[in-house]
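Visitor: Could you take me through a close look at a single part of this chain, and then show me how that part sits within the whole?

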Amino acid sequence: MASIKQVPSFFVFIIVLLFGASFAARAQTTLIPSDVTWNGSGEIEVPLKVTNSVKITGLQFTLKWDPSVLDIVMIPGWREDIAPTVKIDDSQQKQVGLEDYEDLFVASNFNYPVTPPGETDALEGVATFLWAEDEPYFLGTGYTWDDGDTLMSVFFEVVDPSAENTYISIIEEPTPYVWSNTDGTLVAKATSPGLITIGGGGSSVDDGSDSGDSGTGDGGTTANQVPTLALVDPCSSRC
């Protein structure tokens, strides 16, 4: 009988390690602002796109931009005593009846301007976002979107048309970037900044972002905090 050669355990370990790293990389759920070129007038619509989403039930993040180049577009309240809200569009929808749908994400999911607790001055160039599903049926099924789907679009105005380009990023402060799912498990995450081309021929701006992928100069991580702890009360950043 022919003898069976034993594969050294070291090589088995390497194969398992490489397979696990490859799987982890593929499994990262991403939220990425799209690259957009300004046409020289009007607002800039920036889609926020998702990949590798599986049974998602919650999302929070901080959106960052350079306020010397861009200003986020706000919609005035329908009464004088109603505060303006962040302008969004193209939200993913959920079915609420036999033939009825409603937007999953709405302007009130955003908090802007953002004033940290104990401070009087608002942070410049950041808006925070918090959405958590609260209907029992959807908490059980979650939402799974196709790769490249737009979750929603956010709008900006150009305040410095002389700039060549700038970036819009998903960052960790003051509200951490976190996904939650039906399993209540850690959701690996990643992001990268969206390049906004102004075309003014002026200076270019470094992204200065935390991409969440542990890259050089990044400081990010692919592992979230526990979702039930990380999905914070939206009041925490403005009350």
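**A close look at Ile168**

Guide: Ile168 has a relative accessible area of 1%, which is under the 20% cut-off, and therefore counts as buried. The model is a predicted one, and every value here should be read with that in mind. Ile168 belongs to strand β14, a strand that spans residues 165-171. If neighbours within four places in sequence are set aside, the residues in contact with Ile168 are Pro33, Val46, Leu63, Lys64, Trp65, Leu70, Phe156, Pro193, Gly194 and Ile196. Val126 lies 42 residues away from Ile168 along the chain, and the C-alpha atoms of the two are separated by 9.8 Å.

Past the end of the strand, the loop between β14 and β15, the latter covering residues 178-181, holds Pro174. With a relative accessible area of 34%, which falls between the 20% and 50% cut-offs, Pro174 is therefore classed as partly exposed, whereas Ile168 is buried. Outside its neighbours within four places in sequence, Pro174 makes contact with Thr62, Val114, Leu123 and Thr128. Between the C-alpha atoms of Pro174 and Thr115 there is a separation of 9.7 Å, although their positions lie 59 residues apart along the chain.

The wider chain gives these two residues their setting. The chain contains 17 strands and 3 helices, and of its 239 residues 38% are buried. Among contacts with a separation of 6 or more, 74% join residues that are 24 or more positions apart. About 13200 Å² of the chain is exposed, and 55% of that area is supplied by carbon and sulfur atoms.

The largest pocket has a volume of about 190 Å³. It is lined by 12 residues, of which Ala27, Thr29, Val54, Asn181 and Val187 are the closest to its centre. The lining is made up of 6 nonpolar, 3 polar and 3 charged residues.

Confidence should be weighed as well, for the mean pLDDT of the chain is 82 and 74% of its residues reach 70 or more. Residues 10-25 have a pLDDT below 50, and in the model this stretch has 1 contact beyond near neighbours in sequence. Over residues 232-239 the pLDDT also stays under 50, while the model gives this stretch 14 contacts beyond four places in sequence.

Notes
Residues are numbered from 1 along each chain as its sequence is written. This is a predicted model: local features need pLDDT of at least 70, side-chain atom pairs count only at pLDDT 80 or more; totals for chains, interfaces and linings use all residues. Side-chain values use heavy atoms; hydrogens and water are left out. On a 1 Å grid over the protein atoms alone, a cavity is a set of points where a 1.4 Å probe fits but cannot get out, and a pocket is an open set with protein on both sides within 12 Å along at least five of seven lines; lining residues have an atom within 4 Å of a point. Grid points are joined across faces, edges and corners, and a volume is the space filled by probe spheres set on the points. Ala, Val, Leu, Ile, Met, Phe, Trp, Tyr, Cys and Pro count as nonpolar, Asp, Glu, Lys and Arg as charged, and the others, Gly among them, as polar. pLDDT is the predictor's confidence in each residue, from 0 to 100. Contact means heavy atoms within 4.5 Å. Helices (H or I, at least four residues) and strands (E, at least two) are DSSP runs, numbered from the N terminus. Buried means under 20% relative accessible area, exposed over 50%, partly exposed in between (1.4 Å probe, protein chains only). Accessible areas come from the Shrake-Rupley method with a 1.4 Å probe; for residues, only the protein chains shown count as cover.
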